[in-house]
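Reader: I want to learn how to read interfaces in a model. Take me through the contacts one step at a time.

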Amino acid sequence: MISFDVLIVGGGGAGMRAALEASKHSNLKVGIISKTSPLRSTTGCTGGGLNAVFNNSDDTDSFEKHAYDTITGGSFLGDQDAIDFFVKHSPDAITELAEFGAPFFLDSSGKISQRQGPGSSAPRTCWTLGHATAHALYDQLLYANVTELSMCNILELVVTDSAVHGVIAYDSLTGKLIPIAAKSIVIATGGYGRVYWSRTTTPLGCTGDGVAVCLNAGIPVKDPEFIQFHPSALVDSGVLISDAPRTEGAYLLNNRNERFMKNYAPEQMEKATRDLVAIAIEKEIEAGRGLGHELNSHVLLDLRHLDKNLLHGGRLSQTDYTAKTFALVDPLQSPLPIRPSCHFTMGGIDIVDYHTCATIIPGVFAAGECACLSIHGANRLGGNALPEVVVFGKVAGAAAALFALTAPQQYDFALDSALQKWQEKFKYISNKKSSIPLPEIRDRLAQTLWHNVGVIRDEQRLNKAIVEIDILQDRYTQTGIADTNHIGNTDFIHYAEIGNMLTIAKALTIGALNRRETRGSHFRSDYCNNDDTSFLKHTIITKEDNRYNISYRPVTMTKYLPVGVEKYV
Amino acid sequence: MSDIIIKVSRRNSETSFIQEYRLTYQPAKTVFWWLTKIKEEIDSSLAFECSCRSGLCGACGIKLNGHSVLACTTTLKLPQSSPNRTCTIEPLNGFPILRDLIIDWRSITDSLKIKSPWLSQQPNMLNTSIQSKEESAHIHSLAACMMCGICVSECPIISQGHFIEPFIFVKAYRLISDSRINNQQRQQILQNVQPYLAYCIQCGRCGNACPKGISPAAAITCLQQAVNSFQQS
C-alpha cells in the first residue's frame with residue numbers, strides 16, 4: 001500500500017504550497033495527488049492579480065485598510081481575526097512567489113507595481129501573468145522531496161471515530177483504485193463552481209471533490225450558499241469577459257436594444273458593482289427581454305462605439321482576443337452575447353482554526369478555494385483569492401507536518417474495507433446499462449441550480465430545487481458508465497465528479513433556503529435586505545448518510561461592527 | 001448542413017486504432033467543442049484533457065490534421081483539399097500517451113526533475129524582487145510559456161532521443177536573462193543545457209506553432225551565444 005506521513009490532495013496553488021512547506025521536514029514522506037497536472041489547476045488559469053499591502057504606489061495603504069475592504073466586501077460575514085492574519089501574511093507570501101520566479105509587473109523604480117481593484121480603497125493589487133503563480137510553485141515542487149502523483153482523483157476520505165486513515169483514489173495512469181494511507185491530510189481541491197456546469201468561468205475540474213468527500217466523512221461545510229457571480233461570460237462557452245469593457249464604457253443591451261442599466265443603476269449604469277449588474281441582467285432575461293433560450297439566454301455587451309485603439313493593442317486587447325477566439329465575433333462589428341456566470345465559491349470545508357487550517361477531524365486540514373476560513377465572508381474582493389491560496393497553503397502544510405511528526409501509525413483495515421466498497425462500485429456501474437446518460441443528470445442539475453439557486457433566489461425556487469436535486473440524486477444511483485477500460489477512464493472520473501456535485505448542490509440549496517436575508521452574493525428577492533439580528537452568522541451544514549443538518553456559528557468580530565442595513569436592488 | 005468525418009487516434013492499454021465519428025458539420029466550433037460533442041453524444045469512452053478551455057493553461061494540446069494546436073482555441077475548419085470532408089485528431093507527438101489524446105504528464109514531471117536546467121540551483125535563487133521595468137518586460141515575454149508541449153510535438157529531431165523538450169530552453173534563457181541571478185548561477189544553467197544546443201536544426205517549427213508566439217529555436221541561438229561569450233571570458 002502507498003503510504004505517506006503527509007498527503008496533499010489537490011495540485012493547485014494551495015496544494016503545491018502546502019507540499020513545499022511539509023517537505024521542509026526531511027524526515028517526513030510527503031505526497032501530492034491531483035486530478036490534473038499542477039500546471040493546469042485553477043491557479044494556472046487565473047487573471048494573475050494578488051492583493052498585498054506593500055505601499056509601493058500609495059504610502060497611506062495599511063493592513064487595516066486591506067482588512068476593512070475585505071470585511072465590507074464580504075458584508076461583515078468574514079471572521080475578522082482570520083482576515084487580520086491573512087492581510088498581514090499576504091506581502092511575504094507574494095515576495096516569496098517573486099523569489100520563486102513569478103514575474104510581477106514592475107513600476108519605474110523596479111518595485112512591484114500596484115493598481116487599485118474594484119472594492120479596494122488603495123492601489124494594492126500586484127499583477128503577474130495568469131499562469132505564473134502555478135508555474136513558480138511547480139518549479140519549486142520539482143526541487144522538493146515530494147512524491148507527485150498527478151492524474152489521480154480522490155474518491156473518499158477515510159475517517160473512523162474521528163481518526164483519519166487516508167484516502168481512496170483512482171489512479172488514471174495505472175487504472176487502479178488505490179488506498180493511500182496518511183497520518184495527516186491537506187485537502188486543497190479547489191472550488192465547486194462547476195455545479196452550474198456551462199454557466200461558470202471556472203476550469204472543468206472545479207467539481208468540489210474535496211468538499212464532497214469531507215462532507216461524506218463527517219466534516220461540515222461552511223457558508224456554501226455564497227457563490228460569486230461574474231456579470232459577463234460568453235454565453236456559449238462560459239469564457240470570462242472581464243470588467244474592463246464596462247469600465248471603458250461598453251453598453252449592456254436587451255432585446256429591445258435598450259441600455260437597461262438605466263432602470264437599475266441610473267447613475268453608474270454599466271459601471272455598477274458586479275453583484276448589481278449580474279442581478280439586472282438576470283432580471284431582464286426573466287422578464288423576457290433577453291435573447292436566446294434556456295441556459296443560452298443572454299444579453300448583449302456592445303463595444304462598437306469604443307475607440308478601436310483600446311481593442312487593438314490597448315487596454316481591451318484581451319477582450320478583443322477572447323471575443324474573436326471564443327465567440328468568433330469582432331467586437332467592433334457586433335455586440336457580444338454574454339450572461340452572468342459563477343466565478344468563485346466563497347463557502348467550503350469548515351476550518352475551525354485559521355492558525356492551522358484544521359477541520360474538526362484531527363489530522364485533516366484544508367486550504368484554498370475548497371476551504372472556508374472565512375476571510376471572504378459573503379463575497380470575495382477581487383485579488384484576494386491567489387494570496388489566500390499561498391498564505392493558507394503554507395499554514396496548512398506546516399500544521400499537517402507538525403501533526404504527522406507525533407501521530408501514530410494508522411491501521412489499515414478501514415482503508416481495506418473502503419477500497420473493497422469502491423472496487424465493487426466500479427464493477428457494478430461499469431456493468432450497468434444506463435438508462436439516463438450522465439451528462440443529462442449534470443446538465444439538469446446545472447439548469448436547476450441556475451434557475452433556482454442562481455443569481456436571484458426566493459423560497460419557492462429554493463424549495464423547488466430541493467425536490468429536483470432529490471430526484472436527480474435518485475436517478476444518479478441508477479446510472480452506469482459505458483467505458484469499461486481501467487486506464488484513463490474519464491467516464492468513471494466524471495461519474496464520481498457528478499456524485500460530488502450533487503452532494504454539494506444539496507448543501508448549497510439548504511444553506512440558501514434557510515438564509516432568509518440578502519447578503520453579499522446571496523440575493524433573496526423575498527428578503528431584499530440584510531438581517532444582522534437573525535443572520536449575521538455562518539451557516540454550518542453536516543451530512544449523515546443522506547440527511548443534511550443545518551446549524552449556525554457566530555461571526556468573529558474583533559474591531560468592526562456592521563454598518564446596518566445595506567441597500568440591494 | 002452536411003456531415004463530416006472526424007478520425008480520432010484511440011489508444012488504451014491493449015490496442016491502438018483510428019476511430020471514425022460522423023457528425024453534422026457546424027461552423028465556428030472549437031476542436032474542444034467537437035471532442036465534447038463526440039464524448040457526450042456518441043462515445044463516452046473517448047478520453048481527452050482540457051482544463052481552463054480559455055487558452056490560458058495549456059492542458060489541451062492535440063494534433064489537428066497534422067498540426068499541433070490547443071483544442072480550446074482552435075476552430076475546426078474543414079480542410080479544403082479533403083475529398084471526404086474528413087479531419088484527423090491525434091495526440092501530440094513526443095510524449096508518452098496515457099489514453100487516447102491524454103498525455104502522461106506525471107512521467108514528464110519525473111523527467112523534468114532530471115533534466116531541468118534550473119534544478120541544480122538552490123531554491124529561492126532569485127533573492128530579491130527588485131529589477132528594472134525593461135528587464136522584467138523581457139522576462140515576461142518568455143514567461144508566457146505555458147509548457148503546453150506543442151513545441152515538443154512539432155520538433156522533428158526529438159524522436160531521435162538526444163534532444164530535450166524545446167520549452168526547457170525557453171525557461172533556461174529566461175533564467176539567464178534575469179538580472180537577479182549571479183554569474184555563477186548563469187554559468188551553471190548554461191553548462192546544463194549546453195550539451196543539447198547543437199542538436200537543434202533551427203527549422204523554426206516550434207516557434208511557428210507556439211500559441212504564445214515564443215520561439216524556442218531563437219532561445220537556443222541566444223543560449224549558444226551566451227555559452228560562446230562565457231567561454232571567451
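Reader: How many salt bridges are counted between domain 1 of chain B and domain 2 of chain B?

Author: A salt bridge here needs a side-chain nitrogen of Lys or Arg within 4 Å of a carboxyl oxygen of Asp or Glu. Between domain 1 and domain 2 of chain B the count is 0. Keep in mind that this is a predicted model.

Reader: Which classes of residue make up the side of domain 1 of chain B that touches domain 2 of chain B?

Author: That side has 7 nonpolar, 7 polar and 1 charged residues. Polar contacts do occur: the rule finds 4 residue pairs across this interface, both residues at pLDDT 80 or more. Strand β4 (residues 67–70) of chain B gives the largest share of the domain 1 side, 4 residues.

Reader: Where do the two domains of chain B lie in the sequence?

Author: Domain 1 covers 3–102 and domain 2 covers 105–232. Their centres, taken over C-alpha atoms, are 29 Å apart. Domain 1 of chain B puts 15 residues into the contact, and domain 2 of chain B puts in 13.

Reader: What area is buried between domain 1 of chain B and domain 2 of chain B?

Author: Read the total, then its make-up. About 1000 Å² is buried between these domains, with carbon and sulfur atoms giving 63%. On the domain 1 side, Ser68(B), Leu70(B) and Phe95(B) lose the most area to domain 2, together 45% of what that side buries.

Reader: Now the chains. How many residues of chain A are in contact with chain B?

Author: 62 residues of chain A meet 62 residues of chain B. The area buried between the chains is about 5000 Å², and carbon and sulfur atoms give 53% of that. Arg40(A), Leu142(A) and Tyr143(A) supply 15% of the area chain A buries against chain B, more than any other three residues.

Reader: How many salt bridges does the rule find across the interface of chain A and chain B?

Author: It finds 5. One joins Lys171(B) to Asp139(A), with the closest N and O atoms 2.6 Å apart. The rule also finds 29 residue pairs in polar contact across this interface, both residues at pLDDT 80 or more.

Reader: Which elements of chain A supply at least two residues of the side that touches chain B?

Author: Among them are α3 (80–100), α4 (132–143), β6 (146–150) and α14 (490–514). α4(A) gives the most, with 7 residues. By class, this side of chain A has 29 nonpolar, 21 polar and 12 charged residues.

Terms used. Residues numbered from 1 in each chain as written. Chains lettered and ligands numbered in written order. Predicted model: local features only at pLDDT ≥ 70, side-chain atom pairs only at ≥ 80, totals over all residues. Heavy atoms only, no water. Contact = heavy atoms within 4.5 Å. Buried area = accessible area lost by both parts, 1.4 Å probe. Polar contact = N/O pair within 3.5 Å; in protein donor to acceptor, adjacent residues only side chain to side chain. Nonpolar A, V, L, I, M, F, W, Y, C, P; charged D, E, K, R; others polar. Domains from an automatic or database assignment.
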